[in-house]
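Visitor: I am new to this structure and would like to learn how to read its features one at a time. Could you take me through a few of them?

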Amino acid sequence: MAGSPLPLEIRSLSKSFGERRALDGVSLDLAPGEILGLLGPNGAGKTTLVRSVAGRVVPDAGTLRVLGFDADDDRARAVRGWVPQEIALYALLSPRENLWTFGRYQGLSGGALEAGIRASLGWIDLADRENEKTDRLSGGMKRRLNIAAGTIHGPKVLLLDEPTVGVDPQSRERIYAMIGELKGRGVSLVYTTHYMEEAERLCDRIAIIDHGKIIASGTKDELVRKTVGTRQAVALDAAQAIPPALAEKLGRLGAAVDGTGVRLSVEDPAGEIRTLLELFHAENVPVRDLTLKTPTLEQVFLQLTGRELRE
Amino acid sequence: MSMVLAVAKNRLMNLKRDRAAFVLAFVLPVAFFTIFASIFAGSGRATTRKVSVAIVDEDGSETSRRFVAGLKAEPGLSVGLKPGPENDPIGPFYTAAQAEQAVRKGEVPVALIIPKGFGENAIGFGPGANRARLQILADSSDPVAPPMLNGLLQKVAMTSMPAAMARSGLAELEKWSGGLTPEQKARMDQAIGAIEKPSDDAEPSAGKAAGGGGLVAVETRDILGETKKNPTVTFYAAGLGVMFLLFSAAGAGGALIEEAESGTLDRILATRVSMTRLLLGKLLYLSCVGVAQLTLMFVWGAILFGLELWSHIPGFVIMALATALASSAFGLMLASVCHSRMQLVALSNLSILLMSALGGSLFPRFLMSEKLQKIGLITLNAWALDGFQKIFWRDEPLWAIWPQVAVLALLGAVFFLIARRVAQKWESA
């Protein structure tokens, strides 16, 4: 692949709307066949970034290449697919007619268009309802059709903007499977979501954007290591107030004691929890509850942005 | 009761926020009242309609000249004696053929031919009087002009030709009384001679316009409608057709707003369809629908009311295409300047009903004052209707509609360019 242009190459991208700086020097790459999760609180700039890649926002500065082409180049349009967050379909048209429309708008015609429609209807499991009005379909079906309308032309780079918003868990699983199939076909994806577990489950790499800047990027493990570290959190709740002698010993281990509760950060959970429990056993203080927490993306996000993802 | 008041207050709060509804409720009715009052009721002399008449004086006698002068002095008439500028001293006068052509082309709604011998035999009393017949050449699509001219002819005969009237009266007197003595005759001739002396005061007094029509013999010839089965149906087919074309184009153009609201427009513009292509595609669709609507209207008119469509197919096709194109571009322009469906409904109702009233879709323009007729030319309805009238009513050749076709094409182009320009708001931010 040496020398081949990346699916997405973004360098120092900036965009302001009036006084508000929506993108502030964003640089980001998307590797072939990769799913890049784009996380950020509301208003952080992810929609502007996605719309820039889709050719719907013209940046003030910086460069943006889709497989080596400018975002508003016709060749970029041909290799790029965009699934907007809204159900951007014609409600009165059938799934087949919607697919015909967007396939045709992407330059497909004749046999290629018909083949694209058939393949898409089968892929989204709507072949038996291809002639019904779209507004009669369930929310999950519409979401799947929304994805198919953005992929009918077989894009190599796909932008998926919160594709599972408002769908039931079963439909969500179906969409996850579709995304897996797209990845299997070698499509490179940018995936924005508010669901942390989706990002953890689907994405090869995650970029966190805040105030128009990419503040961290990498695999989930890398992000955790770089931000909250690899230490795990132990929380213990005693059945009675912790006596001073025990509290003193716990203090030497680095634990924080508060009434009946103990908080301790551990590098080697098996060994350090054993030591902790032995101290309680030696002092004859019964333990009511014990939990071990591994650092999550949620903690990473909170640490980096100071906000919950869904704020 | 307090709940009822709360509901009412809630609606009032909504109305205050909804500018489109506010316009529909208050501005639209007042605007329409003003427009319709100006058109139908007139508002003072500035808007009162004058009937234009082309006069051919084949007689050229003193009597006919006095008669023409009397007609010229009538405030309700606008008399033309020359096809060219009226004040050109060497410009030729209308011939009968030219006057007929002027009516046929719609330059004047009515023409008057004063035949040879009118001066000798202008007025007759009683039945069977042997009078020279004035000829009115009428365009019966104008129901007002011919009878109005006829009435004024009788009035002016009374007031402008006292000598002729006296001679005629004298002849009747001789006929029924067994004759006058030579002395009586000489005195009468002297008196009539005194009347015949040119008078400085050519303007007749309205008070003298006695009734008793039929002093001068008048023959009215409908030169346009004489071969038509149903003269008014063309007007209604074209007038209403154009109005509804505008409404449906504006409504269908509103799809653009829906696409913008649903995010579909955003998605389309990320594909290989640019805004220009999108608008051109919509223009093509709207124009085809427009042509289909007009075709349906005229075919229906032909089947049900005998509208002569089959003998005017080429002219109809050209006018339908030009009208549909201009109307469609207008609809797109309206849709692109509006931000919501409600705004579009308010703006299209206001503008289309206004254009239809001024442009003659609801009320023929030739029945409006000259001032309003001129104002009407800013509307595409007026140009479209003029073109259809030329084809269907005046049987004019195809080339004669080029000004209408050119103006409609130009309007279409201007509307489209405005729509394209305004639609930049939906393009890349």
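Visitor: Which residues of α13(B) meet residues in α15(B)?

Guide: In this predicted model, M355(B), S356(B) and G359(B) of α13(B) meet L380(B), N381(B), A382(B) and L385(B) of α15(B). Sorted by class, the residues of this contact are four nonpolar and three polar, with no charged residue.

Visitor: How should I describe the way in which two such helices are packed?

Guide: The general idea is that two packed helices are described by the angle between their axes and the distance between the axes. Here helix α13 (residues 341-359) of chain B and helix α15 (residues 380-392) of chain B have axes that come within 7 Å and cross at roughly 45°, which makes α13(B) oblique to α15(B). The crossing in which α13(B) passes α15(B) is right-handed.

Visitor: At what angle do α9 and α10 of chain A pack?

Guide: Helix α9 (residues 244-253) of chain A packs against helix α10 (residues 269-282) of chain A at an angle of about 170°, and their axes are 10 Å apart. Because an angle over 145 degrees counts as roughly antiparallel, α9(A) and α10(A) are described as roughly antiparallel to each other. On the α9(A) side the contact is made by L246(A), K249(A), L250(A) and L253(A), and on the α10(A) side by T275(A), L276(A) and L279(A); by class these residues divide into five nonpolar, one polar and one charged.

Visitor: Turning to a single helix, which residues of α4 in chain B are buried?

Guide: In helix α4 (residues 96-104) of chain B the buried residues are A99(B), A102(B) and V103(B). Seen down the axis of α4(B), these buried residues fall within an arc of 100°, so they line one face of the helix. Their packing partners in chain B are β1 (51-57), β3 (110-114) and β4 (133-138). After α4(B) comes G106(B), whose phi is positive, near 85°.

Visitor: And between the chains, how many residues of chain A are in contact with chain B?

Guide: There are 18 residues of chain A in contact with 13 residues of chain B. On the side of chain A that touches chain B, α2 (74-79) and α3 (95-105) each supply at least two residues, and α2(A) gives the most, with three residues. By class, that side of chain A has eleven nonpolar, three polar and four charged residues.

Key:
Residues numbered from 1 in each chain as written. Chains lettered and ligands numbered in written order. Predicted model: local features only at pLDDT ≥ 70, side-chain atom pairs only at ≥ 80, totals over all residues. Axes fitted to C-alpha atoms, helices over the stretch in contact; angles between N-to-C directions. Helix = DSSP H or I, 4+ residues; strand = E, 2+ residues; numbered from the N terminus. Parallel < 35°, antiparallel > 145°, perpendicular 65-115°, else oblique. Contact = placed C-beta atoms within 7 Å. Nonpolar A, V, L, I, M, F, W, Y, C, P; charged D, E, K, R; others polar. Buried ≥ 20, exposed ≤ 12 C-beta atoms within 10 Å, placed from the backbone. Arc of directions from axis to C-beta. Left-handed = near helix turned anticlockwise from the far one by under 90°.
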